[in-house]
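Visitor: Please give me a close look at the surroundings of the ligand, with the cut-off for each term, and then at the parts of the chain that connect to them.

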Amino acid sequence: MTTEETLLNWARPEIVSLKAYQSAREEFVGGTREMILLDANENPYPSSVNRYPDPMQVELKKRIAQHKQTAEDHIFVGNGSDEVLSLLMQIFCVPNKDKAILLPPTFGMYQVCADIHGVETLSVPLTEDFQLDLAAIRAAYAHQPKMIFIPSPNNPTGNCFDREQIISIVKEFNGLVVVDEAYVEFAENQSLLPELSQYPNLVVVQTFSKAQGMAGVRLGMCFAHPTVIALFNRIKAPYNINSLTQKAVIEQLDKQSLVAKQVEEMLSEKARVISTLSKIDFIQKIYPSDANFFLVKVDDSQQRYHQFIEQGIVVRNPSKQTLCANTLRISIGTPAENNALLNACNQMNHS
Ligand code: PMP
């Protein structure tokens, strides 16, 4: 089988044979000539948003391709990575038949997407120190899962997984390996994006919600083999990325030196916060973090969570997750917000 045949063979047959909807803006692809657009039943009176957005996000993908040093046909953009993850399951998993491997503690949306799409999940917990349990992952291959979700840096633990171990999974796994790099800009470990051309079963997901500071515009990116990208384009909602988002993200791509400065500041703030918190008695452990948040083990997470709320600070309590009993996940804020966190911890320590 060719690479393309293998990938199409993994996808759901009804998606492969789907006759995709063709939107008005796709049916007529104009040249440079100004046309009168009477094809999409829009309100003709001009405003910044009276026309449908570009359904294929041509300019946006061109700019992302330059920024990420990849090609446009390797990119799909979604309404946040959440949409990308959901579509991936829709494309590749036959409901009530196909399976996916999750590595708890992990990002909660993978399980929600799996539940929505009737995908059985095979849970392979991380080791006690939040690393990949390669032997257990390999044992799960026997159930013939269609995909495995590997967030690196991981949420909620904050650490990256070993790059060589991820690559060994990509090499040996007979299905899609989805590496979710939502926090990659904060990590020293390099993105797996440069490996894409070598491994057709590798899917890299990134987002504008974290380091790029654009959680409100909802723009997630999927980088994959063009055959996989073509399947996304078949099933996506015709105008899944609105015109305000497309414009805002294109503008953001010109502000990368500001983003780099903000990332640097968040990382130095993280070091400052962690070093101060290491002296707080009720914090028993601070786990290594490659992201803009970190996980701590405390004496009583429920009690401490509510004490933070009383101090006007909201953190996340992932204690119900595998291996996360009595933990809290804390994001890095502005220096003033971080000072407020440190003051609150001091107060709580002495109460
Ligand atoms: N992946 C991971 C690992 C995340 O932590 C998050 C956000 N919490 C997402 C994806 C979703 O990001 P987006 O805002 O792009 O939907």
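Guide: A polar contact is a pair of N or O atoms within 3.5 Å; within protein, one atom must be able to donate a hydrogen and the other to accept it, and residues adjacent in sequence count only if both atoms are side-chain atoms. This is a predicted model, in which local features need pLDDT of at least 70 and side-chain atom pairs count only at pLDDT 80 or more, while totals for chains, interfaces and linings use all residues. Residues are numbered from 1 along each chain as its sequence is written, and side-chain values use heavy atoms, with hydrogens and water left out.

The shell around the ligand holds the residues near it, that is, those with a heavy atom within 4 Å. These are Gly80, Ser81, Asp82, Phe107, Asn155, Asp180, Ala182, Tyr183, Thr207, Ser209, Lys210 and Arg218. By class, three are nonpolar, five polar and four charged; Ala, Val, Leu, Ile, Met, Phe, Trp, Tyr, Cys and Pro count as nonpolar, Asp, Glu, Lys and Arg as charged, and the others, Gly among them, as polar.

Oxygen atoms of the ligand have polar side-chain atoms beside them: one of Ser81 at 2.6 Å, one of Arg218 at 2.7 Å and one of Asn155 at 2.8 Å. On its own the ligand has 400 Å² of accessible area, and the protein covers 91% of that. Accessible areas come from the Shrake-Rupley method with a 1.4 Å probe, and for residues only the protein chains shown count as cover.

Helix α5 (residues 80–92) gives the most to this shell, with three residues. Helices (H or I, at least four residues) and strands (E, at least two) are DSSP runs numbered from the N terminus. Ser86 also belongs to α5, and its side chain makes a polar contact of 3.0 Å with that of His117. Ser86 has a relative accessible area of 19% and is therefore buried; buried means under 20%, exposed over 50%, and partly exposed in between (1.4 Å probe, protein chains only).

Asn155, from the shell, is joined to Pro156 by a cis peptide bond with omega near 20°. Pro156 lies in the loop between β4 (147–151) and α8 (163–172). A cis bond also joins Pro104 to Pro105, with omega about 0°, and Pro105 is in the loop between β2 (99–102) and α6 (109–116).

Strand β6 (residues 202–207) runs antiparallel to β7 and is joined to it by four bridges; two strands pair if DSSP finds at least two bridges between them. Gln206 of β6 has Met221 as its bridge partner. Strand β1 (residues 75–78) is likewise antiparallel to β7, with four bridges, and there Phe76 is partnered by Cys222. In a regular strand the side chains alternate between the two faces of the sheet. In β7 (residues 220–223), Gly220 and Cys222 point one way and Met221 and Phe223 the other, and all are buried.

Before β1, the loop from α4 (58–68) holds Gln69, a non-glycine residue with a positive phi near 55°. Gln69 has 75% relative accessibility, so it counts as exposed. Phe130 also has a positive phi without being a glycine, at about 65°, but its relative accessible area is 3%, so Phe130 is buried.
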